Amino acid sequence: MEMMSGAAMVVRTLKDIGVKHVFGYPGGAVLDIYDALYAQTDVEHVLVRHEQAAAHMADGYARSTGLTGTVLVTSGPGATNTLTGIATAYMDSIPMVILSGQVPSMHIGEDAFQETDMVGCSRPIVKHSFLVKRAIDIPEAIAKAFYIASTGRPGPVVVDLPKDIVNVLEEHPYVFPTDVTMRSYNPTLKGHNKQIKKAVSTLLEAKRPIIYVGGGAVISEASSLVTEIAEKLQAPVTSTLMGLGAFSSVHQQFVGMLGMHGRLEANKAMHNADCILALGARFDDRVTNNVEKFCPHATIIHVDIDPASISKTIAVHIPVVGSVDKVAEQLLEQMGKVDAKAQKAKLADWWQQISQWRERDCLAYKTDSKLIKPQQVIESLYKHTNGDAYVSSDVGQHQMFAALYYPFAKPRRWINSGGLGTMGFGLPAAMGVQMAHPDAVSAVVTGDGSIQMNIQELATCLQYNLPIKIISLNNRALGMVRQWQDMNYKGRHSHSYMDSMPDFVKLAEAYGHVGIRVTDPADLDDAMARCFAMKDKLVFMDIEIDQNEHVYPMQIKFGAMDDMRLSKTERT
């Protein structure tokens, strides 16, 4: 029996689980754990400059790999600084384990120095949490945390570690649990056979079917299976913001992203469909618009691993509880051989209607010889990365421009905060991606507002030689806020303009990186080429864009799926 301190157990358990990277920031309650990290080389610790960034880095790491991100922070403010990052992961079902230090057990509840009830603070935004009370329970608690975080509908799990149980002066027997089982936790993976048969029968009878793909298809690694189903059915495919890449955006059957800023043909096809196959999507408000007007002609088949998500906002006709990958296998098996020619002929009128909607070219925009359009920036980014980059984003107009104008052909390449909409997410998320994929291109599309929320992480990038590329769409304003003020508040721009911007080029250089400013449309392509030619350097591109450009299409509030603004003057 190996004997070791609680602190050593924490690190050894992480190693035995297979963790390679931990993102964190030290403090008094976790110094014993940091000393244990110092004594080994198997688990690399990444020192951030703010604990929120540690959570976002772990998040980006998890989204791009499918692994569970790991965070280590001290008690009190160290722990509470991670809450925004935890909520971000929770909303998007991202597996993460947060190891938080806590004051000694005997002082819990006494308002001791840097004491916060982390379990209580995080309860609404975690999948589960543990307050570990004995050193010998550390391996089991951490192993369970990783199991819960990564299975079923993934999510963040907090493990709170009082300082006395990680004391380096006390040794205890170390026993790593080789098999983690929990009687009360048994996620359903396969769908009910009766429901599968009913779903397949409905799909094969449909004349206007559509496949609606969400983030669950990415999480469950179901991309190839979704593609096989779509090609068998010859059906159009649309995607949520979180599902982009699960079905290739350059596939001829892809009709684009749907929802608030979805493409015209995607929203039109959803509204007029007679059968919807929803795979790992949760019918959130950024998709449905007015739920009372949502897809009135459709029989809805909803596949989701979380039974609580089914019929939560939209009543569905054929619910299937299960993991998208497992259910997709069942659907394909039940379908058997499908006559592709007959299926294509049956849907010919449906595709002809979709082609007419596509002809409107809802993403067309007017260029300007003097002003850089944000759409141009994303198109240039796509061109100079050959569509093969990992693209992280912050939240706002730039996020929507990236989602609409950068076609994602593979899953796990689009890294963004969809559910919580967290400004400041993009930079640290892109850093986490780069740590996970050191030889890949990791770019972040951001705005002049968002980038300043965690800009201190430029120091972390220098320390760990992370050559990410920052594409900042600078419109000297909070762009999406200003757009809503233009549309709904008669142009009253209350606190949406930012009048004291730093010189981002000099700021990047002050942190030891390369800064490039672009103000002329004629210079954009050459500047983008220079940026991506510097493969071993972080490059900050400060691109001044047209301040008055809006993101379109955009759903009209309280309308149906296909009630949309197509420009500042045109509506459907």
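**Helix packing, buried positions and aromatic pairs**

N193, I196, K197, A199, V200 and L203 of helix α8 are in contact with V327, Q330, L331, Q334 and M335 of helix α13, and the residues of this contact divide into seven nonpolar, three polar and one charged. The model is a predicted one, and the points below take up two helix pairs, the buried residues around helix α5, and the aromatic pairs, of which the structure holds 12.

**Helix α8 with helix α13**

- Helix α8 spans residues 193-205 and helix α13 spans residues 324-335, and their axes come within 9 Å of each other while crossing at roughly 60°; that angle makes α8 oblique to α13.
- In handedness, the crossing of α8 and α13 is right-handed.

**Helix α11 with helix α15**

- Helix α11, which covers residues 264-272, packs with α15 at an angle of about 145°, the two axes being 8 Å apart, and the crossing of α11 and α15 is right-handed.
- On the α11 side the contact is made by L264, E265, K268, A269 and N272, and on the α15 side by W350, W357 and R358; sorted by class, the contact of α11 with α15 has four nonpolar, one polar and three charged residues.
- S355 also lies in helix α15, where this serine is partly exposed, with a relative accessible area of 33%.
- Although S355 and E265 are 90 residues apart in sequence, their C-alpha atoms are 8.2 Å apart in space.

**Helix α5 and its surroundings**

- In helix α5, formed by residues 83-91, the residues L83, G85, I86, A87, T88 and A89 are buried.
- The buried residues of α5 pack against three helices and two strands, namely α3 (51-65), α4 (77-80) and α6 (118-122) together with β5 (96-102) and β7 (156-162).
- S122 has its place in helix α6 and is buried, with a relative accessible area of 0%; once its neighbours within four places in sequence are left aside, S122 is in contact with L83 and V158.
- After α5 comes S93, a residue whose phi is positive, near 60°.

**Aromatic pairs**

- The rings of Y365 and Y405 have their centres 6.1 Å apart and their planes at 85°, and because planes over 60 degrees apart count as edge-to-face, the pair is edge-to-face.
- This pair links distant parts of the chain, with Y365 in the loop between α15 (348-359) and α16 (374-384) and Y405 in helix α17 (residues 397-405), 40 residues apart.
- The two partners differ in exposure class, for Y365 is partly exposed with a relative accessible area of 23%, whereas Y405 is buried with a relative accessible area of 8%.
- Y406 and F408 form an aromatic pair that is tilted, at 4.9 Å centre to centre and with 35° between the planes, and both Y406 and F408 are buried.
- Y406 and F408 also belong to a cluster, in which ring pairs link them with Y382 and W414.

Key
Residues numbered from 1 in each chain as written. Predicted model: local features only at pLDDT ≥ 70, side-chain atom pairs only at ≥ 80, totals over all residues. Heavy atoms only, no water. Axes fitted to C-alpha atoms, helices over the stretch in contact; angles between N-to-C directions. Helix = DSSP H or I, 4+ residues; strand = E, 2+ residues; numbered from the N terminus. Parallel < 35°, antiparallel > 145°, perpendicular 65-115°, else oblique. Left-handed = near helix turned anticlockwise from the far one by under 90°. Contact = heavy atoms within 4.5 Å. Nonpolar A, V, L, I, M, F, W, Y, C, P; charged D, E, K, R; others polar. Buried < 20%, exposed > 50% of the residue type's maximum accessible area, 1.4 Å probe, protein only. Phe/Tyr/Trp six-rings, centres within 6.5 Å; stacked < 30°, edge-to-face > 60°.
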